[in-house]
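Biologist: I'm new to this one, so could you walk me through a single part of it, slowly? I'd like to hear about the sheet and whatever sits around it.

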Amino acid sequence: MDKKNQHYSTQFPDVRVKVHSVSESLKHHLYLFKTITGVFSFKKLDLGTKVFIEHMKIPEEKCVLLDLGCGYGPIGIVLAYLTPQSTIYLTDINKRALWCVRENIKYNLSERSGKVIVLEGSYFKPFEAKSVKFDGIYMNPPLRSGRREFLTLCEDIPRYLNSKGLFQFVIKKKMGAEYIHIYLKKHLSELFEIIEVTFKRSGYWIFCLTSF
Ligand SMILES: C[S@@+](CC[C@H](N)C(=O)[O-])C[C@H]1O[C@@H](n2cnc3c(N)ncnc32)[C@H](O)[C@@H]1O
């Protein structure tokens, strides 16, 4: 594969390492993220991620949340900053992303006392030997690997959600947000109590699926 365009959704990106930094004010707080080539949107915060963070629902009570496919960690780190009472998991398949997220936890969450746990592996593989369930799963999905993979993942999600848990994610309209909405309503309405698009901005749709 052409190295310049090599995809980030790989365990070992084969592109020369160059470290960057991204600073962004999110929900009235300034974050500084270390990023590297080979990691999703390493030059600046992805607009879909930004719209998502600004509008995601965050439970106020003590709970367990997962940033699935965390990249360098913006979603999970904002969740961890805003919910010090909760336990936050961040997972990804890409080793460089995981290096960044560990660094970014040190920079941005140095005073946080609650648990922030980083795990490596494909989707729910890191939880196979654990009995953990989540109150919220948050995601900016890797749709370049195909819609089918994401829709199959959606079918797995209820097994990992507590009752009334929320699966929230963002999809670009051009990447098929409307199709995904129709598909979920038609094929997954027995798996989720509520399937809704909660917000639309700048060509991005935010979904919130509530488990039974
Ligand atoms: C669109 S990016 C979003 C990254 C980050 N959440 C953000 O918003 O900046 C999708 C992420 O999913 C990760 N990913 C792709 N396939 C995966 C898999 N099978 N298991 C876990 N993570 C995966 C990629 O490495 C990438 O970091």
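Modeller: Here is a look at the sheet, followed by its surroundings. Keep in mind that this is a predicted model. The protein chain has five helices and nine strands, and seven strands make up an open sheet with mixed pairing. Reading across that sheet, the order is S5-S4-S3-S6-S7-S9-S8. Strand S5 (116-120) and strand S8 (192-201) are at the edges with a single partner strand each, so one side of each has no neighbour in the sheet. On average, neighbouring strands here are turned by 15 degrees against each other, if you ignore direction.

Now take the S8 edge. S8 and strand S9 (residues 204-211) run antiparallel, and eight bridges join them. For one pair to find on screen, try phenylalanine 199, whose bridge partner in S9 is isoleucine 206.

Over at the S5 edge, helix H3 (residues 95-108) lies across S4 and S5, and H3 runs at about 170 degrees to S5.

S4 also leads us to the ligand. Strand S4 (87-92) and helix H2 (74-82) each supply at least two residues of the shell around the ligand. There are 20 residues around the ligand, and Ser9, Thr49, Gly69, Gly71 and Asn140 come nearest. By class, that shell has nine nonpolar, nine polar and two charged residues.

Stepping back to the protein chain, its radius of gyration is 16 Å, which agrees with the value near 17 Å for a compact globule of 212 residues. Buried residues make up 37% of those 212.

Technical notes:
Residues numbered from 1 in each chain as written. Predicted model: local features only at pLDDT ≥ 70, side-chain atom pairs only at ≥ 80, totals over all residues. Near = placed C-beta within 6 Å. Helix = DSSP H or I, 4+ residues; strand = E, 2+ residues; numbered from the N terminus. Nonpolar A, V, L, I, M, F, W, Y, C, P; charged D, E, K, R; others polar. Pairing = 2+ DSSP bridges. Axes fitted to C-alpha atoms, helices over the stretch in contact; angles between N-to-C directions. Contact = placed C-beta atoms within 7 Å. Rg over C-alpha atoms; globule rule 2.2 N^0.38 Å. Buried ≥ 20, exposed ≤ 12 C-beta atoms within 10 Å, placed from the backbone.
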